[in-house]
Amino acid sequence: MRSSQEEFENAVNQVELLKKDPGSEVKLKLYALYKQATEGPCNMPKPGVFDFINKAKWDAWNALGSLPKETARQSYVDLVSSLSSSSTSSSQVKPVADKKQQEYENLVVTSEDGITKIILNRPTKKNAINTQMYQEIIHALKAASKDDSVITVLTGNGDYYCSGNDLTNFNDIPPGRVEEKVKNSAVMLRDFVNSFIDFPKPLIAVVNGPAMGISVTILGLFDAVYASDRAIEMLIFGKKLTAGEACAQGLVTEVFPDSTFQKEVWARLKAYSKLPPNSMRISKQVIRNTEKEKLHAVNAEECSVLQERLLSDECINAAMNFLSRKAKL
């Protein structure tokens, strides 16, 4: 959604009415976004090193690079809007977050120190994703995109990160309604993947253990993937990749020893959460905008193909064999 010129002008006027000084860092952001929105990329000569004030302004504006005027205008409006509503105390916000947390049966969602943590919470099922869990993750990401956290983290509770789809999703399908169930599942999967594609903040996967299926295929949509060295990804042909092999292939950003995994990763994430939130959003927006359309197109095509495959005899027989084996255990 793009802001109108009138909304932008109202935001400019609103800055003058702010009761609380937003601080130097935010003022620089406002200055840079205003200049980018009205003049485009930085066109001023770089000030001398001892011209501290003008150099800081130049650096902030120049850092926006070739960000489109429309995007800068929208970011300016969003920033001013957040400043105008910041008078709401944290004690007023927390009950709402707590209330939302109670809605999740398969997740634990917390928000603290600039980090929203979404924890897959079906440890006895190796965090396999059932139908309700898909919907809950979509909902949690949507809520995290609007909260005041700087980064969002997805991880698993227990020994597994995620064992992929819970095949019991296809239990108890009424006779004659298989096609309807499969179609609804394909739509849900498309919406699920789109929620990762469209997520506006830095999104980080903390792969605390083995990962399989859908939990692996979406790793490329995260901005960073940190894995324990005991994590194993299950890919095509049933081949298992160690976290180190996945890192070498570019699927994982960095691998940590399991003994220090949690300590090292969370120390790093806490440091990231102190970075300027709006700059991080804008940076991600600039990077992701060039590929968003293609990602959505690929996602739609993959879900269409998946819908066909789920109705194939090959898939149905494989699912039935799996569930019959589970029933015998």
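Hi everyone. Let me start with one definition: buried means under 20% relative accessible area. With that in hand, take Val153: its relative accessibility is 0%, so Val153 counts as buried. Please keep in mind throughout that this is a predicted model.

Let me stay with Val153 for a moment. You will find this valine in strand 3, which covers residues 151-156. Who touches it? If we set aside neighbours within four places in sequence, Val153 is in contact with Ile115, Thr116, Lys117, Ile118, Ile204, Val206, Trp266 and Leu269. There is also a distance you can check on the screen: Val153 and Phe222 are 69 residues apart in sequence, and their C-alpha atoms are 9.5 Å apart in space.

Now the overall picture. The protein chain has 329 residues, and 37% of them count as buried. Its secondary structure comes to 13 helices and nine strands. The chain exposes about 19,100 Å², with carbon and sulfur atoms supplying 54% of that area. For contacts between residues at least 6 apart in sequence, 72% join residues at least 24 apart.

How confident is the predictor? The average pLDDT of the protein chain is 84, and 85% of the residues score at least 70. The stretch to treat with care is residues 87-102, where pLDDT stays under 50. For that stretch the model has four contacts beyond four places in sequence.

On to the cores. The largest nonpolar core has 40 residues. Which of them touch the most other members? They are Leu107, Ile137, Tyr161, Phe192, Phe196, Val207 and Phe222. Several elements each supply at least two residues of this core, among them strand 1 (107-112), strand 2 (115-120), helix 7 (178-197) and strand 4 (203-207). Helix 6 gives the largest share, seven residues. As for Ile137, leaving aside neighbours within four places in sequence, its contacts are Leu107, Leu120, Phe192 and Phe196. There is also a second, separate core of 20 residues, which includes Val26, Cys42, Trp58 and Ile282.

Val26 takes us to helix 2, where it is one of the buried residues. The others there are Lys29, Leu30, Ala32, Leu33, Lys35, Gln36 and Ala37, and I like that lysines turn up in that list. Here is a quick geometry check for this helix. Helix 2 has 16 residues, 24-39, so at 1.5 Å a residue it should span 22 Å, and its end C-alpha atoms are indeed 22 Å apart. After helix 2 comes Gly40, whose phi is positive, near 90°.

We can run the check again on helix 4, residues 69-84. This helix also has 16 residues, so the expected span is 22 Å, and the end C-alpha atoms agree at 22 Å apart. The buried residues of helix 4 include Thr71, Arg73, Tyr76, Val77, Leu79 and Leu83. What do the buried residues of helix 4 pack against? Their partners are helix 1 (5-15), helix 2 and helix 11 (277-289).

A brief stop at helix 3, which runs over residues 52-62 and holds Asp59. Asp59 has 31% relative accessibility, so it counts as partly exposed. Asp59 and Lys46 are 13 residues apart along the chain, with 8.3 Å between their C-alpha atoms.

Next, some backbone angles for those of you who enjoy a Ramachandran plot. Lys126 is not a glycine, yet its phi is positive, about 55°. Asn127 is not a glycine either, and its phi is positive too, at about 60°. Lys126 sits in the loop between strand 2 and helix 6, and Asn127 is placed in the loop between strand 2 and helix 6 as well. Are they buried or exposed? Lys126 is partly exposed, with a relative accessible area of 42%, whereas Asn127 is at 0% relative accessibility and therefore counts as buried.

Last topic: cysteines. A disulfide is a covalent bond between the sulfur atoms of two cysteines. How many disulfides does a search of the whole structure find? The search finds zero. Two cysteines are worth a look on the screen all the same. Cys247 counts as partly exposed, at 27% relative accessibility, while Cys303 is buried, with a relative accessible area of 6%.

That's my tour. Thanks, and over to you for questions.

Notes: Residues numbered from 1 in each chain as written. Predicted model: local features only at pLDDT ≥ 70, side-chain atom pairs only at ≥ 80, totals over all residues. Heavy atoms only, no water. Helix = DSSP H or I, 4+ residues; strand = E, 2+ residues; numbered from the N terminus. Expected span 1.5 Å × (residues − 1). Buried < 20%, exposed > 50% of the residue type's maximum accessible area, 1.4 Å probe, protein only. Core = buried A, V, L, I, M, F, W, Y, C linked by side-chain atoms within 4.5 Å. Contact = heavy atoms within 4.5 Å. Areas by Shrake-Rupley, 256 points an atom, 1.4 Å probe, with all protein chains shown as cover. pLDDT = per-residue confidence, 0-100. Disulfide = S-S within 2.5 Å.
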